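Work through these exercises with the structure open beside you. Try each task before you read its solution.

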Amino acid sequence: MRKIKSIGLVCSLLFSRGVSAQELFNFTEPASNMPARSLGIRLTNNLLDETHLNQKTVQFLPELMWGVNKKLMLHAEGIFRNGSGNFKPIGMGTYAKYRFWSDDKVHRHFRMAAYGRMAFNRGHIHYDELEINGMNTGWELGFIATQLLHKQAISASLSYEQITDNGPGNEIHSGNAFRGLNYTLSTGRLILPKKYTSYKQTNFNVMLEVLGQYLPDNQKHYVDIAPSLQFIIHSQTRIDIGYRHQLQGNMNRMATNSLMLRVEHLLFNVL
Amino acid sequence: MKNLLFVIALMTCVYSSFGQIKSASLTASGLTCSMCSKSIFKALEKVSSVESVDVDINESVFNIKFKKGANVQPDDIKNAVVDAGFAVASLKMTADFPSTQIGKDTHIQFANGTYHFLNVPAQTINGEKTFTIVDKNFVSSAEFKKYKKLTGMKCYESGKSENCCEKDIPVGTRIYHITL
C-alpha cells in the first residue's frame with residue numbers, strides 16, 4: 001500500500017500542470033538524436049542485486065556516441081562485469097538510431113525514430129530475461145516516439161529482441177526463450193532552474209520510467225518501474241542516478257532490483 | 001493584357017548589388033532544455049560568418065552578429081540549427097540597404113545572394129532594414145503553406161530561380177524569399 005502511495009505521489013509530481021521536462025531519459029533513449037558531428041562519452045555502472053547467487057554484481061558499460069548527421073547517431077560500447085570476483089570484459093555492442101519523423105514547434109516537438117542494437121557477449125547465461133545490452137549475444141530492432149509538449153516530455157518504445165548462444169559453454173538453456181518483446185514508457189520534468197539565465201546553471205530533472213519485457217515462447221514477463229534523478233552541469237555533462245525495481249513478473253532474472261549511476265559528457269562539433 | 005502583365009512583372013525583377021547582412025535574430029523550435037540550446041549555440045558559433053551569438057535560453061532566441069565583410073548565407077545558419085537536431089521557427093536579418101525601389105516580387109541581388117520580396121507594397125527602402133526569410137525550413141510548415149498559397153510562384157516552392165524570375169538569373173540559382 002505504501003509502495004502504491006509513493007508511486008502515485010511521484011506520478012502526480014511528474015504530470016502536474018506547468019512543469020518543465022527533459023527527454024534525456026536515464027533508462028531509455030528518446031527519438032531525438034545528439035547533434036551532428038558531436039561526440040559523447042557515456043560511462044554507465046549498474047549495481048545488480050543478484051539474489052540467486054547472494055552477491056552484488058557491478059556491470060560497467062563505457063560507451064562512445066557519435067552524431068553522424070542530423071538523423072543518424074551511432075554508439076559503440078564495451079561490457080565489463082565483476083560477477084565471478086574479477087572485473088573483466090565480457091562483451092561489446094553497437095547501437096544505431098535513425099530519426100525519421102520530426103514535427104518541431106517552439107518549445108514542443110513530436111519525433112519518431114527507428115533503432116537497432118547488436119551485441120556480442122561471452123558471459124554465463126543463467127536467466128530467462130533477455131538483455132543484449134549487458135547479458136546476451138543478439139540483436140534488437142525497435143521504434144521510439146517522443147512528444148515534448150510545453151517542456152513536458154513523454155516517450156514510448158517498442159522493440160523485438162532475439163538472442164543466440166553466448167559462445168561455447170554458455171548456450172541458451174533448453175526450453176528458455178530466445179526472443180522477446182520490450183516496451184517502455186517514460187516521462188520526466190525539469191525541477192531546476194525555474195528560469196534559465198545561463199548555460200552554467202545546473203539542471204535538475206526527475207524521471208519516471210516503466211520498462212517491460214514479454215517472452216511469447218514461454219509467456220514469461222516482467223514490468224519494472226525506474227525512478228531516477230539527473231543533473232546536467234554546464235549544459236554539457238550529465239550525472240544520472242536511477243533505481244530499477246520489479247513491479248511484477250514471473251521470470252528468473254539476474255536482478256529484480258538494481259541501481260544505475262552514469263556520467264556522460266558531450267563534446268560539441270569535434271568531428 | 002497577359003503579355004503586358006508579364007512585361008511589368010519582368011520589369012519589377014530589378015537587379016542590383018549592394019549591402020551586407022549585419023545581424024540576425026533566430027528563433028529555434030523543437031527544444032526546451034539548455035543542453036539542446038547549447039548544441040545550437042555551439043553550431044552557430046562554428047559558422048564562419050558568425051562573429052558572436054547572444055542567447056535567450058527561455059525563448060530559444062539566438063541573436064547573431066556577423067563578421068564585417070563576411071559572406072553571410074542564411075542557409076548556413078539554417079543548416080547549423082538543423083544539424084544540431086532542431087528547426088528554425090523564424091529568422092529575421094538586418095542589413096544596410098542603399099536607396100532601392102521594391103515591391104511585390106521584386107528581385108534584388110545583394111550580399112552575395114539573390115533575394116525575392118514577397119507580399120510587400122511598392123516602396124523605397126533606404127538604410128538599415130530588417131527582413132524575414134519565409135522559405136521552406138525557415139518558417140513553420142503552416143506558414144510555408146500560407147505563403148505558397150499567397151504567391152503561387154514556382155520559385156517559392158523550390159527555393160531556386162524558375163521561369164517566373166528575371167531572365168538574367170540562371171535557372172537553379174538559390175533564391176531567398178523574404179518579406180518586411
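**Exercise 1. Write down the order of helices and strands in chain B, from the N terminus on.**

Step 1. Fix the terms: helices (H or I, at least four residues) and strands (E, at least two) are DSSP runs, numbered from the N terminus. Step 2. Walk along chain B: the order is α-β-β-α-β-β-α-β-β-β-β-α-α-β. Step 3. Check the tally: chain B has 5 helices and 9 strands.

Keep the ground rules in mind. The model is predicted, so local features need pLDDT of at least 70 and side-chain atom pairs count only at pLDDT 80 or more, while totals for chains, interfaces and linings use all residues. Residues are numbered from 1 along each chain as its sequence is written, and chains are lettered from A and ligands numbered from 1 in the order in which they are written.

**Exercise 2. Test the radius of gyration of chain B against that of a compact globule.**

Step 1. The radius is taken over C-alpha atoms, and the globule rule is 2.2 Å times the number of residues to the power 0.38. Step 2. For 180 residues the rule gives a value near 16 Å. Step 3. Chain B has 17 Å, which agrees. Step 4. Add the box: along the principal axes, the C-alpha atoms of chain B fill roughly 60 × 35 × 25 Å.

**Exercise 3. Check the span of helix H2 of chain B, then find what covers its buried residues.**

Step 1. The expected span is 1.5 Å times one less than the number of residues. Step 2. H2(B) has 12 residues, so it should span 16 Å; its end C-alpha atoms are 16 Å apart, which agrees. Step 3. Count the buried residues (20 or more other C-beta atoms within 10 Å of a residue's own; exposed means 12 or fewer, partly exposed in between; C-beta atoms are placed from the backbone). In H2(B), 11 of the 12 residues are buried, including B:Ile40 and B:Leu44. Step 4. The cover includes E9 and strand E10 (220-233) of chain A. From chain B it includes E2, strand E3 (50-56), strand E4 (61-66) and H3.

**Exercise 4. Which residues have the most contacts inside the largest nonpolar core?**

Step 1. Such a core is a set of buried Ala, Val, Leu, Ile, Met, Phe, Trp, Tyr and Cys residues joined through C-beta atoms within 7 Å. Step 2. The largest core has 57 residues, and B:Ala28, B:Ile40, B:Leu44 and B:Val81 have the most contacts inside it. Step 3. Look around B:Ile40: leaving out residues up to four places away in sequence, it touches B:Ala28, B:Phe62, B:Val81, B:Ala84 and B:Phe86. Contact here means C-beta atoms, placed from the backbone, within 7 Å.

**Exercise 5. Describe the side of chain B that touches chain A.**

Step 1. Count: 23 residues of chain B are in contact with 26 residues of chain A. Step 2. Name the elements: strand E2 (21-29), helix H2 (34-45), helix H3 (74-83) and strand E5 (87-102) of chain B each supply at least two residues. Step 3. H2(B) gives the most, with 6 residues.

**Exercise 6. Where do B:Asp105 and A:Pro193 lie, and what is unusual in the backbone there?**

Step 1. Most residues other than glycine have a negative phi, and most peptide bonds are trans. Step 2. B:Asp105 has a positive phi, near 65°. It is found in the loop between E5 and strand E6 (107-110) of chain B. Step 3. The bond from A:Leu192 to A:Pro193 is cis, with omega near 0°. A:Pro193 is in the loop between strand E8 (179-192) and strand E9 (203-215) of chain A.

Terms used. Contact = placed C-beta atoms within 7 Å.
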